[in-house]
There are 2 protein chains.
Amino acid sequence: MSALKTVSENKAFGGVQGVYSHASAETKTEMTFAVFVPEHEDGARLPVLWYLSGLTCTHANVMDKGEYRRLASELGLIIICPDTSPRGDAVPDDDAYDMGQGAGFYVDATAEPWAANFRMRSYIERELPALVANEFPADMKRQGIFGHSMGGHGALTIALRNPGRFKSVSAFAPIVSPINCPWGHKALGGYLGADQSTWRDYDTCALIDDGARISDILIDQGTADQFLEEQLKPNLLVAACERVAIPLTLNMREGYDHSYFTISTFMDDHLRWHAERL
Amino acid sequence: MSALKTVSENKAFGGVQGVYSHASAETKTEMTFAVFVPEHEDGARLPVLWYLSGLTCTHANVMDKGEYRRLASELGLIIICPDTSPRGDAVPDDDAYDMGQGAGFYVDATAEPWAANFRMRSYIERELPALVANEFPADMKRQGIFGHSMGGHGALTIALRNPGRFKSVSAFAPIVSPINCPWGHKALGGYLGADQSTWRDYDTCALIDDGARISDILIDQGTADQFLEEQLKPNLLVAACERVAIPLTLNMREGYDHSYFTISTFMDDHLRWHAERL
């Protein structure tokens, strides 16, 4: 019997855009995620591209606004879009948009009241991949990962900690160093506590400085992004990559902001980046 | 001084996706609409494609989920997405989703309590085009129109009543004959009263039977659309077009439903249909 519940399935671009839920052992909640499976031959196994979303988002934002299905269908990529945190009345929360539900930051929390449920690192790194491997026509030897903002942080840190699993990584407007921005101090301080040495496992620049490696990185960043200067700071990643010669393609996009209008504009470039490496 | 208020503007695919509002003389309310203007040379005038939305929708549904910007940008088409009715606490409404706010049916209502505000025919046929001509780099000699479901009904009837204005028309899953479906009986009965002779101006098949003509029509219709049999009935339009030799391209799409997953899948085909005629 499948561990999956089907929330919805809609035909799109020849494939199926599904939304599913399951009881997560990591978060101790029902977790919802979206999967697009392109049309494919019986028995075929397709490469898998994970998209991690940003603050306040669910699986639905990129599913509705990301415009990934046309080219994913053409390239034969499965696209998986998890939620950004556990949710529900029984789950701790914070009134702010940047802490608690909708703001899991892809960490395994160790501080209270978050530790019991906020285990998005283990959920994305272990629990959900096992489910996906069982339930979808996925070739788990060919995985890539990307994301937006907090989800760009998630994609970069997860890829750096799991270099054998991912053949490709990219991000739209990622938080590249939580240690060096207000969002990061609030979230990592809350989920992990005040000892910043425990934060380094969740900081792209610190992971690189501490020895983690990846073959190359693509980033698109809008120059009109209201979070660019205070929160995102792509130049910190430029410097970290230069120190250890990781090839970084950073496209600064004139006049583009932090929204899905930007993400959809450059979605095709990112899908092609991953397809070439998968 | 402009009559327009800018609600938002975001750069996308080289152009600008804007949302604007204005005080409408027809509906006596503030009306909101979306406009995508592709990148263009100073002084250029671009062809205009109107998209009318379906029941419950605002300007935002197709803006978020329609996936029109990539190809509209390439083809150089301005895309205009109006709301589906007047809205607000002072505007009459009905608890049902298929009557009142969000369900204007593109008619000029004559029955109470709707007559004062529900003037979506005149709003789309006269008021909004005048505003668009003044405020955007639009070539009003090159206009096309399309829409979904109730908005497909709106596009077809407005095109048939205004053959000089529109060079192209298409629809996704349109209501082709309100006279012959429950949605139509409820809406036209409510907005216009019981005398069905007054409904014929708002019925695509009746307009054709009564002599209205158009050069050709493109329709995409999903076979898994839950409203196909009871409400949409494309075969009525097939018969009406055959009687008077209007070329109709009706694509029945196997397994596709009534959602924006279908619309986005076939959006490119419709944009090319219009671009070839504009």
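Tutor: Let's start with a word we will need often: a residue is buried when its relative accessible area is under 20%, exposed when it is over 50%, and partly exposed in between (1.4 Å probe, protein chains only). This is a predicted model, in which local features need pLDDT of at least 70 and side-chain atom pairs count only at pLDDT 80 or more, while totals for chains, interfaces and linings use all residues. Residues are numbered from 1 along each chain as its sequence is written, chains are lettered from A and ligands numbered from 1 in the order in which they are written, and side-chain values use heavy atoms, leaving out hydrogens and water.

Student: Is Cys205(B) buried or exposed?

Tutor: With a relative accessible area of 7%, Cys205(B) is buried. Cys81(B) is buried too, at 0%.

Student: How many disulfides are there over all chains?

Tutor: A disulfide is a pair of cysteine sulfur atoms within 2.5 Å. By this rule, there are zero over all chains. For Cys81(B), the nearest cysteine sulfur belongs to Cys57(B), 11 Å away. For Cys205(B), the nearest is that of Cys241(B), at 7.4 Å.

Student: Where is His274(A) found?

Tutor: Helices and strands are DSSP runs, numbered from the N terminus: H or I with at least four residues for a helix, E with at least two for a strand. His274(A) sits in helix α9 of chain A, which covers residues 260-277. This histidine is buried, with a relative accessible area of 0%.

Student: Which residues is His274(A) in contact with?

Tutor: Contact means heavy atoms within 4.5 Å. Leaving aside neighbours within four places in sequence, His274(A) has contacts that include Leu49(A), Phe146(A) and Ser168(A).

Student: How do I read backbone angles?

Tutor: Most residues other than glycine have a negative phi, and most peptide bonds are trans. Ser149(A) has a positive phi of about 60 degrees although it is not a glycine. Ser149(A) lies in the loop between β6 (138-148) and α4 (150-161) of chain A, and at 3% relative accessibility it counts as buried. Ala173(A) also has a positive phi, near 45 degrees; its place is the loop between β7 (166-172) and α5 (182-192) of chain A. As for peptide bonds, the one from Glu112(A) to Pro113(A) is cis, with omega near 5 degrees. Pro113(A) belongs to the loop between β5 (78-82) and α3 (120-135) of chain A. In chain B, the bond from Glu112(B) to Pro113(B) is cis, again with omega near 5 degrees.

Student: How can chain A be laid on chain B?

Tutor: Copies are superposed by least squares on the C-alpha atoms of residues with pLDDT of at least 70 in both. Here a turn of 180 degrees and a shift of 0.0 Å along the axis lay chain A on chain B with an RMSD of 0.0 Å. That is the relation of a two-fold axis. The same surface serves both copies, since 100% of the contact residues of chain A recur in chain B.

Student: Which residues line the largest cavity?

Tutor: Rolling a probe the size of a water molecule over the atoms shows where empty space is left. On a 1 Å grid over the protein atoms alone, a cavity is a set of points where a 1.4 Å probe fits but cannot get out, and lining residues have an atom within 4 Å of a point. Among those lining the largest cavity are Phe13(A), Arg70(A), Phe13(B) and Arg70(B). The elements giving two or more residues to this lining are α9 of chain A and α9 (260-277) of chain B.

Terms used. 1 Å grid on protein atoms, 1.4 Å probe; cavity = no way out; pocket = protein on both sides within 12 Å on 5 of 7 lines; lining within 4 Å.
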